[in-house]
Amino acid sequence: MRYATAMRRILLSLVALAACRGSEPTPRYLTVGTDVAAAAHLVTAETHDGVAIVEVAADTDLEAISAIAHDQFHRCGGFMVHDSLAEAHAALAPPVVRATPDYTLDRADVVRAVLPTLDRAQLLGTIRELSAMPTRYYRSEGGAAASTWLAARWQRLAAGRPDVTVELVDQGWPQKSVVLTIPGRGRASEVVVLGGHLDSINLRYPEAPGADDDASGVATVTEVVRVLLASDYHPERTIQVMAYAAEEVGLRGSQEIVRDYKKRNVDVVGVLQLDMTNYQGSDKDIWLMKDFTNAAQNTFVTNLIDTYVGATWGLDACGYGCSDHASWYRGGFPASMPFEARFRDANKKIHSRADTLETSGDNADHAIKFARLGTAFAIELGKGGVGATIAASPPVSSGGSHRWWLALAGLGAVGLMLRRRRVS
Ligand code: BES
Ligand code: ZN
């Protein structure tokens, strides 16, 4: 087994063990893999696509089932606990997906005005700075320092744009997730998310440069932010750019954000996850992961690549929820994950001291394609325009002053929605 794969397995097992301790005392039903159900000699009531629903007595030893799932099948707990059969059925149903927007490509003038300002030297510089930090592990001082460094960097990019906010989201660890918001004008309650993960990990040594995993993704979205704001871009929908904490330990930072957004009914219309963008391992440039993503949005993304990026693309799958797009997917939000290579050809040095810029060729030639894609995604889904072109953009609602009231209400909604501390 490849070292990275083995490490991932070990890590997932550790996360599993940690997460497996909090089970309910008096369950009625479990949903569990049919293989685990058989190994644990559980009596199966129904099966659905390899998942069994089993009824259990109150005194069933859940820890023992968890141990079997963990030791024999490398799974977290391996089951979910439900109070009723209806609840068990609900857990097996695919997530209720938000109605996808009509993916029009009608901002070519705006996209083509902004794209030439992307700068691979800037992108490279950001990867260099992030990967020069000894570690960005979510529970370390380095992880915390990475958050404050990135928030300050994004804040500088937002100088001259008082409408743009940068927040540090405290999720209970030294490292914070970082969220930048460009409020929409007209459709502010609809949110477009671009993200990558800020943390890095190395289970063997303290050093975790994470140049590809995922300084590359964070640097890519940072470059998108830089050009959007430098171009005086104003979206109709609200755009949020996120650097998630604690991805490497079970997608925990993004999961927490998704849980919060669901609770507050935030209308996220689309999510783009950039995790590993700078190692060209396959024949084609951009690989869209088909699993844990939204097919309609993926087609929109391939159209963006064909129209604006000038790169080749293919479809592949991780085979498991390999990054933060899975948190959004599970929450019912349309997500896409354009990736640097076929899964099997991805950078083998991740999670080690060798995940350095040198391993990715010491340039940002691959990542810049993802910056083009991210910029096109933000503009074609966020709509709106830049400086002089804003007036020429198709209106989203009729009636002049009416529109301004809507914009103001939208800004208020975003303010309420976030209710978080602004970084000064
Ligand atoms: N960037 C990786 C995911 C990845 C690795 C995708 C190799 C494709 C090829 C991510 O940071 C990661 O390490 N994810 C974990 C799973 C997560 C749930 C902890 C993994 O892949 O083991
Ligand atoms: Zn990783």
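How are α7 and α8 oriented to each other? They are roughly parallel to each other (an angle under 35 degrees; over 145 counts as roughly antiparallel, 65 to 115 as roughly perpendicular and the rest as oblique).

This is a predicted model, in which local features need pLDDT of at least 70, side-chain atom pairs count only at pLDDT 80 or more, and totals for chains, interfaces and linings use all residues. Residues are numbered from 1 along each chain as its sequence is written, and chains are lettered from A and ligands numbered from 1 in the order in which they are written.

The chain has 13 helices and 15 strands (DSSP runs numbered from the N terminus: H or I of at least four residues for helices, E of at least two for strands). Of its 424 residues, 50% count as buried (20 or more other C-beta atoms within 10 Å of the residue's own; 12 or fewer is exposed, and in between is partly exposed; C-beta atoms are placed from the backbone).

Two packed helices are described by the angle between their axes and the distance between the axes. Axes are lines fitted to C-alpha atoms, for helices over the stretch in contact, and angles run from 0 to 180 degrees between N-to-C directions.

| Helix pair | Angle | Axis distance |
|---|---|---|
| α7 (residues 141-157) and α8 (residues 211-230) | about 20° | 9 Å |
| α6 (residues 120-132) and α8 | roughly 135° | within 8 Å |

The second angle makes α6 oblique to α8. The crossing of α6 and α8 is right-handed (the near helix is turned clockwise from the far one by less than a right angle; anticlockwise is left-handed). On the α6 side, the contact includes L123, I127 and L130, and α8 contributes residues including V218, T222 and R226.

α7 also passes α8 in a right-handed crossing. Here L150, R153, W154 and L157 of α7 meet V218, T222, V225, R226 and L229 of α8 (C-beta atoms within 7 Å).

The largest nonpolar core (buried Ala, Val, Leu, Ile, Met, Phe, Trp, Tyr and Cys residues joined through C-beta atoms within 7 Å) has 93 residues. Those with the most contacts inside this core are I127, L304, F377 and A378. Helix α12 (residues 367-382) supplies the largest share, 10 residues. Leaving aside neighbours within four places in sequence, A378 is in contact with V192, L194, V224, L228 and I239. Another core, of 12 residues, lies apart from this one, and L30, A37, I65 and I68 are among its members.

Definitions and conventions. Two residues are in contact if their C-beta atoms, placed from the backbone, lie within 7 Å.
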